[in-house]
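Let's take a friendly walk through a protein model. Have a look at the chain, and then read on.

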Amino acid sequence: IRQGEGMDNTVTPPDNAGAYPNQDTSPSSSSLPPSSDDSNNITTPQPQPVNAAFGQEINSLINQNEINSLLLTQAEIYQQFIDCNHTLETFNDFSNTMYMSLSVEYDKHTRMLKEIKRDLDIVFRRIRQTKTMLASKFPDSMSSI
């Protein structure tokens with residue numbers, strides 16, 4: 001639909017008609033307004049606004065049952081989204097709680113392993129020192145080991 005045209009094939013002049021001073025928009029070359037007796041005899045139908053005509057045309061193309069079906073499907077999907085979001089929030093809360101409790105235990109186990117490693121390092125250092133001392137005191141016996 002072009003600007004100024006309605007659905008009933010009536011044409012209204014564009015907004016810029018007569019905007020230029022030298023432009024002649026009437027069939028006659030006079031620029032005088034029509035006489036009062038001529039304006040009483042002419043009745044022009046009011047053109048339908050383009051937006052309203054376009055909206056009516058779109059509404060006539062769409063099946064209302066299909067729209068209702070789409071709205072129902074959309075509502076169902078939205079409800080599934082809300083349920084899924086709630087489930088994820090619950091899971092995240094549970095995961096956060098479990099992480100907090102397990103991280104404390106993990107720290108405890110890490111400290112204990114570090115202590116065990118330190119103790120084993122001390123034990124193996126003492127074993128090496130004892131071996132070195134025995135090798136210096138009893139070289140014949142230690143050479144066979």
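Helices are DSSP runs of at least four residues, numbered from the N terminus. With that in mind, the predicted model of the protein chain reads α-α-α-α along the sequence. In other words, there are four helices and zero strands.

How confident is the predictor in this chain? The mean pLDDT of the protein chain is 78, and 66% of its residues reach 70 or more. The elements do not share one value: helix 3 has the highest mean pLDDT, while helix 1 has the lowest. Two stretches stay under 50 in pLDDT, namely residues 1–14 and residues 16–31. The table puts these two stretches side by side.

| Stretch | pLDDT | Contacts beyond four places in sequence |
|---|---|---|
| Residues 1–14 | under 50 | 17 contacts |
| Residues 16–31 | under 50 | five contacts |

Now for the surface. Of the 145 residues in the protein chain, 4% count as buried. The accessible surface of the chain is about 13400 Å², and carbon and sulfur atoms account for 58% of that.

Part of this surface is a nonpolar patch formed by Met-112, Leu-113, Ile-116, Leu-120, Val-123, Phe-124 and Ile-127. Together these residues have about 650 Å² of accessible area. One of them, Leu-120, is found in helix 3, the element that spans residues 64–137 and has a mean pLDDT of 95.

Why does Leu-120 count as partly exposed? Its relative accessibility is 42%, and partly exposed covers the range between under 20% for buried and over 50% for exposed.

How values were computed:
Residues are numbered from 1 along each chain as its sequence is written. This is a predicted model: local features need pLDDT of at least 70, side-chain atom pairs count only at pLDDT 80 or more; totals for chains, interfaces and linings use all residues. Side-chain values use heavy atoms; hydrogens and water are left out. Helices (H or I, at least four residues) and strands (E, at least two) are DSSP runs, numbered from the N terminus. Buried means under 20% relative accessible area, exposed over 50%, partly exposed in between (1.4 Å probe, protein chains only). Accessible areas come from the Shrake-Rupley method with a 1.4 Å probe; for residues, only the protein chains shown count as cover. pLDDT is the predictor's confidence in each residue, from 0 to 100. Contact means heavy atoms within 4.5 Å. Patches are made of residues with over 30% relative accessible area and no salt bridge: like charges are joined within 9 Å, nonpolar side chains (Val, Leu, Ile, Met, Phe, Trp, Tyr) within 5 Å. A salt bridge is a side-chain nitrogen of Lys or Arg within 4 Å of a carboxyl oxygen of Asp or Glu.
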